[in-house]
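Reader: I've got a protein model open and I don't really know how to read it. Could you walk me through how helices pack?

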Amino acid sequence: MISFTVMAIVFGVIFLAELPDKTALAGLMLGTRYRASYVFAGVAAAFAVHVALAIAAGSVLTLLPHRLVQGVVGVLFLAGAAILLFKKDEEEDDESVRGPADQSFWKVAGAGFMLILVAEFGDLTQIMTANLAARYDSPVSVGVGAVLGLWAVGGLGILGGRTLMRHVPLRLITRIAAAVMVALAGFSLYEAIAG
């Protein structure tokens, strides 16, 4: 069964957590050099693979005792919030993203796919997606919310990330994402203790 509430929560958490990530910058750089729709096709496919892997990991966690899972999820959300708040801003140079030599769909989409597949493996949002899948026990709702959140950030990065960052300070976005994760950690830890 699909829960639109779970989808909306997951979308918001993943969207906010991914915005300050290097992925938006990488998408922006590829999007300025190559056809945006080609880049997005590759990026979107890579995000779908990452979410599928995270949902599988989260579904395995649901086989463990509920209180233990909630405790682990709560601690991991707190760790995610700490990572967002205390990580140093990484400056990406233009040479860190090299695109394909021509503009064919398969080469551009393939470059976007490989870049995101490698850069996002084990990333905070992938771990958060697994945590959310374990917390809500609604893998389809979590998967759809996470994929849509990642696709939205990828699309923003490709089409206009630089403009968004001019109007919304990165520090504010990071703090909002961290606050949401602290709230989710609190709920999870409360369930682990009270349950």
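Author: Let's go through a pair of helices, then one residue, then the core. Keep in mind that this is a predicted model.

Reader: How do I describe two helices that pack together?

Author: Two packed helices are described by the angle between their axes and by how far apart those axes are. Take H1 and H6 here: their axes come within 10 Å and cross at roughly 160°. Angles over 145 degrees count as roughly antiparallel, so that's what H1 and H6 are to each other. The crossing of H1 past H6 is right-handed.

Reader: Which residues of H1 and H6 make the contact?

Author: On the H1 side you'll find Val6, Ile9, Val10, Val13, Ile14, Ala17 and Glu18, and H6 brings Thr125, Met128, Thr129, Leu132 and Tyr136. Sorted by type, the residues of this contact are 9 nonpolar, 2 polar and 1 charged.

Reader: Is Met128 buried or exposed?

Author: The cut-off for buried is under 20% relative accessible area. Met128 has 1%, so Met128 is buried. Skipping neighbours within four places in sequence, Met128 is in contact with Val13, Ile14, Ala17 and Met181.

Reader: And which residues have the most contacts inside the largest nonpolar core?

Author: That core has 34 residues, and Val10, Ile14, Val39, Phe77, Met128, Leu132 and Val142 have the most contacts inside it. Helices giving two or more residues to this core include H1, H3 and H6, and H3 gives the most, with 7 residues. Try clicking on Phe77: beyond its neighbours within four places in sequence, Phe77 is in contact with Asn131, Leu132, Arg135, Met181, Leu184, Ala185 and Ser188.

Technical notes: Residues are numbered from 1 along each chain as its sequence is written. This is a predicted model: local features need pLDDT of at least 70, side-chain atom pairs count only at pLDDT 80 or more; totals for chains, interfaces and linings use all residues. Side-chain values use heavy atoms; hydrogens and water are left out. A nonpolar core is a set of buried Ala, Val, Leu, Ile, Met, Phe, Trp, Tyr and Cys residues joined through side-chain atoms within 4.5 Å. Buried means under 20% relative accessible area, exposed over 50%, partly exposed in between (1.4 Å probe, protein chains only). Helices (H or I, at least four residues) and strands (E, at least two) are DSSP runs, numbered from the N terminus. Contact means heavy atoms within 4.5 Å. Axes are lines fitted to C-alpha atoms, for helices over the stretch in contact, and angles run from 0 to 180 degrees between N-to-C directions. Angles under 35 degrees count as roughly parallel, over 145 as roughly antiparallel, 65 to 115 as roughly perpendicular and the rest as oblique. A crossing is left-handed if the near helix is turned anticlockwise from the far one by less than a right angle, and right-handed if clockwise. Ala, Val, Leu, Ile, Met, Phe, Trp, Tyr, Cys and Pro count as nonpolar, Asp, Glu, Lys and Arg as charged, and the others, Gly among them, as polar.
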